[in-house]
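Welcome! Here is a friendly tour of one protein model, taken one topic at a time. Keep the structure open beside you as you read.

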Amino acid sequence: MKQSNPNIPLRSYALDGQDDPSQRTNKGNTRALMALLSEMWIFHILIILGGTAGMSFFFPALNNYTDDQLWNITCYWKLGWLLPMPYTLICFFGLALPFRTPKFLYHDGLRKRRCDNLYILTVTRGNNREAVYRAWNGHKHLERLHPSVRVHVLTDEPFFFENINCYTCPKAFSTARSKYKARALEWYRQTMRYTEHDWVLHLDEESVIDDESVRRCLEFIWYEHDYHMGQGVILYNQYQYWKNWVFTVADALRVGDDLSRFQLQFSYIHRPIWGCHGSFLMNNGLVENCVTWDLGSLTEDYEFAMAAWAKGFRCGKVPGFIREQSPQGFMDFLKQRRRWFVGIWRLHHFLPKLWAFFWTLGIFSLYGTVASIPLGFFVKLETPRWFGLCKDLTFCTFVYLYILGIFVQDVDKGKNPLLVILHIPITFVVQYIAVIMEALAVMYGIVFPPKDFDVIKK
């Protein structure tokens, strides 16, 4: 039979053939890791405040502080130490508040929200054939978990793949503003004709979600009636984990950021004041139809979240994980961060510009730290203790975010406990390189802003 629309599959191919659990790639320790994180908030507080107190009061050999001055000339070039304080406090409070999980919250007696379809949508251009089939083979069995689950792959024409649930955005399709990924998502939205009882879980081409996290997505849909958008935690340990130490440690900060800043946003604030990620973004069909993906931004996910908030929609945390991989090239790393920074800066909202401004201040924090080393040899003055206390809190929080990100990913990956311990001092050392790379990416974006969407290799 000839297919009437060559860009849309006639039926679902997900349940064809036998399901062999031993061949699945979407594995992880979601249940155990979530149970661990739900109890770790007290350790976050003790470790960060304990480290800060130790550096500021109990180990004078580490610093040269004085209680006799509130200000001196050294504070001028050390001001960079204080610039990250807003981010530090946000992350600290995110870590200090209990990590919200379904524990004691969901039970069968609760009224369930109706869910007709949960589309698990992997978005890819399609030119990487291996990545397309890797995503499909890793997820196709998920349609067996619940009748509402649909596993789809979205590509751009001419990349259509037969015998999988491949939806291909035609070249002839156009919108007023959107390009690339946003354009394909808008075509898919119009094609699927979402209702308020439909949900779509957005995944990047290298993203993998495990069975337990899908179940938690369904529980979020059923029981979190107040929220029409949800997001979980992204890990970067699916492929080539620890192949390159620098990139592995650099992305550990993003995991720590999800467990602190975004945990505060999605678990307690319920408004996307810091935006959202494009992967592991789960939207109700009503939100997608009200906002649409006709967006003209380099960071369409952030713009979508801000537009949804403006229309009164709220967001919550999905207590699950997806697993991706880090960039493996220096220029790919810089281009990825550059696109995020410039894309957020260009959004026509106050908050994104404010966060991009704070991001820029990180450069001056690095400059101030570097400058204080040689200047300290010439100007023999002690640092006021209050000033040093703020610096130590920032230092301990940042280092802890990196180490926490590595620890969580190692535990999820089932690493040998000795390796988990060994990775802590390695992370402590390598994170200095990662910090410099992050600053270089911002400078790269300021001096050479991207003219278009950068496609990077992973």
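The notes below go through the sheet, two of its residues, the nonpolar cores and the cysteines. Please keep in mind that this is a predicted model. Its 8 strands form an open sheet with mixed pairing, and the structure holds 0 disulfides.

**The sheet**

- If you walk across the sheet, you meet the strands in the order β4-β3-β2-β5-β8-β7-β9-β6.
- The edges are taken by β4 and β6 (208–209); each has a single partner strand, so one side of each is left without a neighbour in the sheet.
- Helix α9 (residues 261–269) packs on the sheet, where it touches β7 (229–235) and β9 (315–323). The direction of α9 makes about 140° with that of β9.
- Strands β5 and β8 (residues 281–284) run antiparallel and are joined by 4 bridges.
- Strands β7 and β9 pair in the parallel sense, over 6 bridges. Here you can find Gln231 opposite Lys317 in β9.
- Strands β6 and β9 run antiparallel, with 2 bridges between them. In this pairing, Ile209 has Ile322 in β9 as its bridge partner.
- Why is β9 described as largely enclosed by the rest of the structure? The reason is that 9 of the 9 residues of β9 are buried.
- A handy idea when you look at any sheet: in a regular strand, side chains alternate between the two faces.

**His202, in strand β5**

- You will find His202 in strand β5, which covers residues 198–204.
- Is His202 buried or exposed? His202 counts as buried because its relative accessibility is 2%, and the cut-off for buried is under 20%.
- Across in β8, the bridge partner of His202 is Leu281.
- The side chain of His202 makes a polar contact of 2.8 Å with the side chain of Glu288.
- Leaving aside residues up to four places away in sequence, His202 touches several others, including Leu121, Leu185, Phe280 and Trp293.

**Thr168, in an edge strand**

- Thr168 sits in strand β4 (residues 166–169), and β4 is one of the strands at the edges of the sheet.
- Even so, Thr168 is buried, with a relative accessible area of 0%.
- Which side chain does the side chain of Thr168 meet in a polar contact? The partner is Thr155, at 3.0 Å.
- The Thr168 side chain also reaches the backbone oxygen of Phe159, at 3.3 Å.
- Among the residues that Thr168 touches, not counting those up to four places away in sequence, are Asn7, Phe160 and Trp187.

**The nonpolar cores**

- The largest nonpolar core has 71 residues, and Leu118, Leu201, Ile209 and Met282 have the most contacts inside it.
- Apart from that core lies another, of 32 residues, among them Leu121, Val123, Phe266 and Ala305.
- Leu201 touches Leu118, Ile209 and Met282, among others, when residues up to four places away in sequence are not counted.

**The cysteines**

- A disulfide is a covalent bond between the sulfur atoms of two cysteines.
- Why does Cys91 not form such a bond? The closest cysteine sulfur, in Cys396, is 14 Å from the sulfur of Cys91, which is too far.
- Cys115 tells a similar story: the closest cysteine sulfur, in Cys217, is 10 Å away, too far for a bond.
- Cys91 counts as buried at 0% relative accessibility, and Cys115 counts as buried at 13%.

Note on methods. Residues numbered from 1 in each chain as written. Predicted model: local features only at pLDDT ≥ 70, side-chain atom pairs only at ≥ 80, totals over all residues. Heavy atoms only, no water. Buried < 20%, exposed > 50% of the residue type's maximum accessible area, 1.4 Å probe, protein only. Polar contact = N/O pair within 3.5 Å; in protein donor to acceptor, adjacent residues only side chain to side chain. Contact = heavy atoms within 4.5 Å. Disulfide = S-S within 2.5 Å. Core = buried A, V, L, I, M, F, W, Y, C linked by side-chain atoms within 4.5 Å. Pairing = 2+ DSSP bridges. Axes fitted to C-alpha atoms, helices over the stretch in contact; angles between N-to-C directions.
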